[in-house]
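Welcome! Let us walk through this structure together, starting from the inside and working outwards.

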Amino acid sequence: MRIDGVDKRSIWAASGGETVEIIDQTKLPFDFVTRRLSTCDDAAEAIRVMRVRGAPLIGVTAAYGLAMALREDPSDTALAAAYDTLFATRPTAINLRWALDRARDHLMPLAPADRFDAAYALAGRMADEDVEINRMIGVHGLEIIKSRAAQSGQVNILTHCNAGWLATVDWGTATSPMYQAHDAGIDVHVWVDETRPRNQGAFLTALELGWHGVPHHIITDNAGGHLMQHGRVDMCMVGTDRVTASGDVCNKIGTYLKALAAHDNDVPFYVCLPTPTIDWRVSDGVSEIPIEERDPDEVLSLDGLLPDGEIVRTRIAARGSPAANPAFDVTPARLVTGLITERGVIDANAASLDQLKNAMVG
Ligand code: MRU
């Protein structure tokens, strides 16, 4: 992503080659603040409180966190402890486990003295791979947008949460096709669900679409069904935190309702994902994926900007009422038109995913 003419990623190796820097996403969209993560605990805290968030970025941050733990103590015991600390940060995005397993399997056979350098280099490779994976998701998604543009001119895409470059290392998953379509001169317009309670749509997706110059409108989370009924949405494109081996899709809370509305209105519903987001061990998303329950205060209050520039947290609900805050939901495979991966677009069903798995092994 270019911001003010400068190429940026959401995470990058700090000068000195031992730590890492991030954009503190809890401060966006009002302040652009970077932050250095120097220890495993820094990385775990950043994931837990969502200074970094989005499935692919969580994975890469965890890989750097593991490396930083090994700089202090490269023993087997320290590696296992760092794995556990990082794994406990957030339960739903499978990319966290994927990245930690990959790092542990790579590092365990090495002599402890070699582990830090190898871990840091591996985290860097994972970051680079994520960028290329997301670029390819965009290449495949672009074809879908192109064929719609050939029929209707302007293409109106509804997205939920932030599956943008801020949720990955660069490009984003759901936003990659949008950026590539816009860059190719296609008239793309994006409906951005605000995505309560943390407003990742209104705060992050809108911010980055604006940086890139993609026309968009922020809408309330309840507006999508109405827009679909009136023919104002040509397709939905969302990201995901975990896709099961049968094609069920877990994503930010509210995604399921959009998929239901899309199904009822014959609007294609696409899910964009890097293959590390597939959890080959689970099949039924509703019963098998752990859904993160977050602090009820996220529902009861909201950060906002006062006219004098001060950022304040304001209570927005009746005093004394409790809240519940499930952070993700599962969209059954039958509601998904297609899974857009770096390897191409496949159907959301067990047979297609099995074929993909075999192609990846082969
Ligand atoms: O709670 P968050 O902000 O980490 O949730 C993010 C999402 O749900 C994204 O849609 C998902 O991680 C895909 S990111 C490419």
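A good place to begin is the largest nonpolar core, which has 42 residues; I11, L66, L86 and L107 have the most contacts inside it. Several elements each supply at least two residues of this core: strand 4 (20-23), helix 1 (40-48), helix 2 (55-72), helix 3 (76-87), helix 4 (94-107) and helix 5 (112-152). Helix 2 gives the largest share, with 12 residues. Please keep in mind that you are looking at a predicted model.

To see one spot in detail, find L107. Setting aside neighbours within four places in sequence, L107 is in contact with L66, L70, L79, R115, A118 and A119. There is also a second, separate core of 34 residues, and I3, I145, V192 and L204 are among its members. In soluble globular proteins, nonpolar side chains tend to be buried together.

Now step back to the whole chain. It contains 12 helices and 18 strands, and 55% of its 362 residues count as buried. Among contacts with a separation of 6 or more, 75% are between residues 24 or more positions apart.

What about the overall dimensions? The C-alpha trace spans about 60 × 55 × 45 Å along its principal axes. A compact globule of 362 residues would have a radius of gyration near 21 Å, so the 20 Å of this chain agrees with that.

Finally, look at the outside. The chain exposes about 14,700 Å², of which carbon and sulfur atoms supply 51%. As for charge, the chain has 33 positive and 49 negative side chains, and the centres of these two sets lie 1 Å apart.

Key:
Residues are numbered from 1 along each chain as its sequence is written. This is a predicted model: local features need pLDDT of at least 70, side-chain atom pairs count only at pLDDT 80 or more; totals for chains, interfaces and linings use all residues. Side-chain values use heavy atoms; hydrogens and water are left out. Helices (H or I, at least four residues) and strands (E, at least two) are DSSP runs, numbered from the N terminus. The radius of gyration is taken over C-alpha atoms; the globule rule is 2.2 Å times the number of residues to the power 0.38. Buried means under 20% relative accessible area, exposed over 50%, partly exposed in between (1.4 Å probe, protein chains only). Contact means heavy atoms within 4.5 Å. Accessible areas come from the Shrake-Rupley method with a 1.4 Å probe; for residues, only the protein chains shown count as cover. Lys and Arg count as positive and Asp and Glu as negative; His and the chain ends are not counted. The place of a charge is taken as NZ of Lys, CZ of Arg, CG of Asp or CD of Glu. A nonpolar core is a set of buried Ala, Val, Leu, Ile, Met, Phe, Trp, Tyr and Cys residues joined through side-chain atoms within 4.5 Å.
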